[in-house]
Amino acid sequence: MLKIVINHKKFKDKTILENINVSINRPGIYGVIGKNGQGKTTLFKCILNLESFSGNCSANEEKIVLENAGWVPTEPPIYGELTADEFYDFYAHLLNISAKEGNRIFEVPNNQLIREFSTGMKKKTYLNAVFQKEFPLYILDEPFNGLDLESNYLLMNYVRELSKTSIVFISSHILEILYKDCDKIFLLKDKNLLKFDKSDFTKIEKTLFM
């Protein structure tokens, strides 16, 4: 079970998030949307306890940390002086696992320096690295940015498999993708989260832009 309680999150005197209380009791795909600047990335970092805030976020009654959650930021930090294979080994070491080729859903040049990769190839490499380990919770912040159509297809298929046993949060500006696959969608607006079940997805855009 995932429990998110954020009483408030502030930057200096500005409140970014407040009065957020969410419980998720089963695996699935959960969308997070909101206009730019509303605090989606800050929300994710609070869930992962990467930001200080008033409240508590836990999974299965344990504090969430990067060792027990798969985190893919919008612009993943990746070392350009490594090859893809070297980065997989490095990331596996951080996770205290052995690198597993079988879990790589994208093909990238394994022995080419990452600094020579396109934005999409860097994203694929980072996703491959994260997916080396199975987590109870995944948070993917705009994971489709920089990926081509085929890569988006492969990623979404893999996320569907993950969601059978894990909670997967996805933020995206492509609402149609979220409408198709999400069990619920959370709209971040006015510092709070509004929850929409599948039967209410038709109300999201009006609420978002009103």
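Begin by selecting D141, which stands opposite S171 in strand 8. The model on display is a predicted one. From this pair, extend the selection to the two strands concerned: strand 7, residues 137-141, pairs with strand 8 in the parallel sense over five bridges. To see how the chain passes between them, add residues 149-162, which form helix 4. The path leaves strand 7, runs through helix 4 and arrives at strand 8, and this β-α-β crossover is right-handed.

Next, select residues 28-33, which make up strand 3. This strand also pairs with strand 8, in the parallel sense and over five bridges. For a point of reference in the pairing, display I29, which stands opposite V168 in strand 8.

Now isolate strand 8 itself, residues 167-171. In general, side chains of a regular strand alternate between the two faces of the sheet. Here I167, F169 and S171 point one way, while V168 and I170 point the other way. Are these side chains' residues buried or exposed? Each of them is buried. Because five of the five residues of strand 8 are buried, a state defined as under 20% relative accessible area, the strand is largely enclosed by the rest of the structure.

Move then to strand 1, residues 2-11, together with strand 4, residues 54-59. These two strands run antiparallel and are joined by six bridges. Within this pairing, select V5 and its bridge partner in strand 4, N56.

Keep strand 4 on display and add residues 62-63, which constitute strand 5. The two strands pair in the antiparallel sense over two bridges, and A59 has E62 in strand 5 as its bridge partner. Strand 4 and strand 5 form a hairpin with two residues between them. In the turn, select N60, whose phi is positive, at about 55°.

The last stop is the largest pocket, which holds about 310 Å³ of space. Its lining comprises 15 residues, and those closest to the centre of the pocket are L66, W71, Y91, L94 and Y126. To place the lining within the fold, select strand 6 (70-72) and helix 2 (84-95), each of which supplies at least two lining residues. Which element gives the most to the lining of the largest pocket? Helix 2 does, with five residues. Finally, colour the lining by residue class: 13 of its residues are nonpolar, one is polar and one is charged.

Notes. Residues numbered from 1 in each chain as written. Predicted model: local features only at pLDDT ≥ 70, side-chain atom pairs only at ≥ 80, totals over all residues. Heavy atoms only, no water. Buried < 20%, exposed > 50% of the residue type's maximum accessible area, 1.4 Å probe, protein only. Helix = DSSP H or I, 4+ residues; strand = E, 2+ residues; numbered from the N terminus. Pairing = 2+ DSSP bridges. Right-handed = clockwise from strand over helix to strand, strands pointing away. 1 Å grid on protein atoms, 1.4 Å probe; cavity = no way out; pocket = protein on both sides within 12 Å on 5 of 7 lines; lining within 4 Å. Points joined across faces, edges and corners; volume = space filled by probe spheres on them. Nonpolar A, V, L, I, M, F, W, Y, C, P; charged D, E, K, R; others polar.
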